[in-house]
Amino acid sequence: MSKLSFLNVETTRRQLLEYSGKVGAGAALLSSLTTLPFSKSVLAKEVAADQESIFKHSACLVNCGSRCALRVRVENDRITQVEPEIPANEDVFGQHQIRPCLRGRSNKFRVYNPDRLKYPMKRVGKRGEGKFKRISWDEATKYIADEIVRIREKYGNESIFYQYATGAYYHTQGRPAWQRLLNLAGGYLQYFNSYSTAQITTATPYTYGLYEGSMFSQVAHSDLVVLFGLNVSETRMSGGGEVEELRRALEKSHARVIVIDPRFTDSAVVEHAEWLPIRPTSDAALVAGLVHTMIKEELLDEKQIDQYAVGFSRASLPSSAKQNASYKDYVMGTGDDGIEKTADWAADITGIPATRITQLAREIATAKAAYICQGWGPQRHGNGEQTARAIQILPIIANQFGRLGTNNGNWPEGVNYKVPYLPTGTNPVQVKIPVYTWTDAIAHPEIITPQTHHLQGAEKLSSGIKMIFNQAGNVLANQHGELNRTRKILEDDTLCETIVVIDNHMTATAKFADILLPETTYLEASDLVGNSYATGSHQYMISMENTITPLWECRSTYDVCVDIARHLGLEKAFTEGRTQAQWVELNYEQVRKERPHLPDFSEVKGTGVVEQFLSPMAEVPVMAEFYDDPKAHPLTTPSGKVEIYSAALQTLQDTWTLPKGDRISAIPEFLTVPDTPWDKKLNKKYPLQLSGFHTKGHAHSTYASVGVLKEAVPNQVWINPIDARERGIANNDMVKVFNDRGTVMIEAKVTHRILPGVAAMPEGAWSVVKNGIDIGGCINSITSHRITPLAKGNPQHTNLVEIKRA
Ligand SMILES: Nc1nc2c(c(=O)[nH]1)N[C@H]1C(S)=C(S)[C@@H](COP(=O)(O)OP(=O)(O)OC[C@H]3O[C@@H](n4cnc5c(=O)[nH]c(N)nc54)[C@H](O)[C@@H]3O)O[C@H]1N2
Ligand SMILES: Nc1nc2c(c(=O)[nH]1)N[C@H]1C(S)=C(S)[C@@H](COP(=O)(O)OP(=O)(O)OC[C@H]3O[C@@H](n4cnc5c(=O)[nH]c(N)nc54)[C@H](O)[C@@H]3O)O[C@H]1N2
Ligand code: SF4
Ligand SMILES: [Mo]
């Protein structure tokens, strides 16, 4: 059966995707089934109850993957309180209150933070010193326009870089406005990949094509849930997001949950999970050990695997492969390395007892429906591509995919309501660098080639990066790896000549600006936004309006870009005669064309959540059609099957130039990489593995300067009591965490929630450097800028360190 039956509608998963993507006729039909009523009565009641205050409606636009609506109480143009959109006891949306987390609720403190940028400023000291003088908006915008002209004349548009930055997902200001402006001005150097998912998004097409997964709603039909480094209780905290979807599904199925993570995470606590502590970077070894047990105990069906996959058995290898290059050969010790990947072998590497590995293999293979998934922590490592692919093939080998209650090893998918953005136009420059290589694109552009760095669109860079636009990002001096090196490159203003930073706060990155512009915060901005990329099946649209008059001289970057466009003679082309408010309305009308039942814009403007519904895609497991009939519904891989052995990867290994020791493997075998315990020499000097994680205390560095959050969730390095005792470290002691790249000073959290030999530090703390030591506790003062073999991505979780009492 290739059709899937949902709500008596014969439809395919792909069609459903298209429906919800296009917000088209299908969605209108489906929303009539699932749309929850939009209520004005509640809002009216509130205002009547309290004449002193008014309520305005905004949203948290940070990059946590969710997008929470915020109801903001305002008195005399001053924010007094930030609340969930609808009081919890009046959950008019019935199924899902888009309840903000502690960060969203703390927005008042971000708006009135003493660190706020108030005026446009120009650097006066040395680059990075943080000395600025106040200038007028006209001076600032003229300067930027002149610099665009100067740089493009001297070096060409390819030398202008629009930096990776995720602090504010505006639709009509911010990123789309800058990109529209730069495209009109001749274009800019592009990047591919992200800091979030470089390894997994690059590796996935080689395994099974599209990057997608079953939504958490499937867990309602599962009896076993296995989370590899997926911590939604911290990373997807919205009441309208995935943590809520998982909770509701578990309430139905009561499935057993197993969390595989170096830390006993909040998710493990909340979901009453069993915790299997694992050494960072070793998941591919665990998978090999699991498959070994499955083969030995005849828990898998080789014929069936061959029906769906290439390269598990010798028989299914492509003709280009060596005879013993199959995954089974690798596991059984008949491959080139000659090592049998027994449970004991895997135990030695992962730290998980062999008996537990054997048991887990049986549990996965015999579960009625196992939902296997992975977060992005496991792939943010030096061998992240291997880890991602290994976890992806586990459900295929164990026959736990394509059926109700199963997944394909990925993070569950999210669907978007698809609110349009300010159109950015097309970029005349089609050269792209992997995002993690931007420091080299400044300091050593000559080394970046297609064969070494997967440079796209050119054989080499013409002159490297000479001008950076950094809007709502803290990558320059906080979120990139090896900050001591990064800062040196940025300090030299003969390399990158001009840096424009647009932010709300005096961040580490802001201090490296030549021109520093203050933008409105979310609560001072007006826009129309959709749910973000990780709210699971929950789709919605929010109309937000500035809750107070923007403070000081903070402005929308739409208006700022108009001014710059005017200086460049591009105003008309930029605005097309529209103000930002008119673009917002146009965007709404575009949505309404597809969803004619929506009210007139005047009725919804600034009212918060306009519409919300649950996607019917939640009902359909990923790869269901392929499972039903792999011939009729092939995957988008070269063979149309899951590629456990990828001939394309073997070709890259044969043709790319890789640093000594690096390898791209055709099968997802466990590969050791530098900065891990298998790097024996370095491990002697630095005995602890240090992994980062995304904390509920902040979203990267955004919200990290909010005092109440810092008190509630302090930035601390987690260390096991065994390691702490050896070092005379007590809970809450200040410690130095260091390696050859730098030193970070931070408080210790001595806890059994981390496995011995491993330490963990939240990423995103504000970097403050004194006498060469990062006293702000920013992990990136000790992370590496080394790129991974296939994705050329960021191994920021892969570090060896020593820890001492400060
Ligand atoms: N509160 C909050 N939420 C966020 C963010 C935030 O900063 N704060 N950031 C958002 C963004 S942009 C992104 S990309 C996502 C990031 O989401 P993720 O990348 O999934 O988050 P991490 O915390 O890096 O990793 C998830 C878990 O993987 C574990 N882990 C690390 N290494 C390994 C390993 O080798 N194997 C295994 N099995 N587990 C490992 C970590 O201990 C952690 O508990 O989160 C988003 N949500
Ligand atoms: N070691 C380590 N490093 C990491 C990671 C890791 O796991 N470990 N994770 C990586 C990942 S997944 C990501 S996505 C990146 C994220 O890195 P970034 O995208 O740089 O995210 P933030 O650090 O939150 O920086 C966002 C900035 O936007 C600003 N901002 C907020 N609102 C507004 C606004 O309305 N207007 C303007 N103009 N500015 C605003 C904030 O003040 C902040 O300075 O970090 C990466 N770095
Ligand atoms: S940080 Fe994420 S979960 Fe928290 S309020 Fe903002 S959007 Fe919602
Ligand atoms: Mo991210």
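The domain assignment divides the chain of this predicted model into domain 1 (121-189 + 429-519 + 554-575), domain 2 (200-415 + 621-655) and domain 3 (680-805); the bounds of such domains come from an automatic or database domain assignment. Taken over C-alpha atoms, the centres of domain 1 and domain 3 are 29 Å apart. The contact between these two domains takes 23 residues from domain 1 and 25 residues from domain 3, where contact means heavy atoms within 4.5 Å. Residues are numbered from 1 along each chain as its sequence is written, while chains are lettered from A and ligands numbered from 1 in the order in which they are written. Because the model is predicted, local features need pLDDT of at least 70 and side-chain atom pairs count only at pLDDT 80 or more, whereas totals for chains, interfaces and linings use all residues; side-chain values use heavy atoms, with hydrogens and water left out.

Ligand 1 is surrounded by 36 residues, of which D261, D283, R380, H698 and H700 come nearest. A residue is counted as near a molecule or strand if one of its heavy atoms lies within 4 Å of it. The shell around ligand 1 draws at least three residues from domain 2 and at least three from domain 3. Two elements, α9 (232-235) and β23 (688-693), each supply at least two residues of this shell; helices (H or I, at least four residues) and strands (E, at least two) are DSSP runs, numbered from the N terminus. By class, the shell around ligand 1 consists of eleven nonpolar, 16 polar and nine charged residues. In this classification Ala, Val, Leu, Ile, Met, Phe, Trp, Tyr, Cys and Pro count as nonpolar, Asp, Glu, Lys and Arg as charged, and the others, Gly among them, as polar.

Several atom pairs link ligand 1 to the protein. A polar side-chain atom of R263 lies 2.8 Å from an oxygen atom of ligand 1, and a polar side-chain atom of H381 lies 2.9 Å from a nitrogen atom of ligand 1. The backbone also takes part, as an N or O atom of the T695 backbone lies 2.9 Å from a nitrogen atom of ligand 1. Taken alone, ligand 1 exposes 900 Å², and the protein buries 99% of that. Accessible areas come from the Shrake-Rupley method with a 1.4 Å probe; for residues, only the protein chains shown count as cover.

Ligand 2 is likewise surrounded by 36 residues, the closest being Y170, N474, E519, S701 and T702. Its shell draws at least three residues from domain 1 and at least three from domain 3. Both α20 (475-479) and β17 (498-503) supply at least two residues of the shell around ligand 2. The residues of this shell divide into eleven nonpolar, 20 polar and five charged. An N or O atom in the side chain of T166 is 2.6 Å from an oxygen atom of ligand 2, and for the side chain of H694 the corresponding distance to an oxygen atom of ligand 2 is 2.8 Å. A polar backbone atom of I502 is 3.0 Å from a nitrogen atom of ligand 2. Ligand 2 taken alone exposes 920 Å², of which the protein buries 99%.

The loop between β9 (190-192) and α8 (198-208) contains S196. S196 counts as buried because its relative accessible area is 18%; buried means under 20% relative accessible area, exposed over 50%, and partly exposed in between (1.4 Å probe, protein chains only). Apart from neighbours within four places in sequence, S196 is in contact with Y164, W376, Q379 and R380. R380 is also among the residues that come nearest to ligand 1. The C-alpha atoms of S196 and I160, 36 residues apart along the chain, are separated by 23 Å.

The helix α8 is mostly covered, with eight of its eleven residues buried. The buried residues are A198, Q199, I200, T202, A203, T204, T207 and Y208. Their cover includes β14 (370-374), α17 (384-397) and β22 (642-643). Just after α8, G209 takes a positive phi of about 85 degrees.

Positive phi values also occur in residues other than glycine. D77 has a phi near 60 degrees and is placed in the loop between β4 (69-75) and β5 (78-84). With a relative accessible area of 42%, D77 is partly exposed. H272 has a positive phi of about 50 degrees and lies in the loop between α11 (266-270) and β12 (274-276). At 72% relative accessibility, H272 counts as exposed.

Key
Polar contact = N/O pair within 3.5 Å; in protein donor to acceptor, adjacent residues only side chain to side chain.
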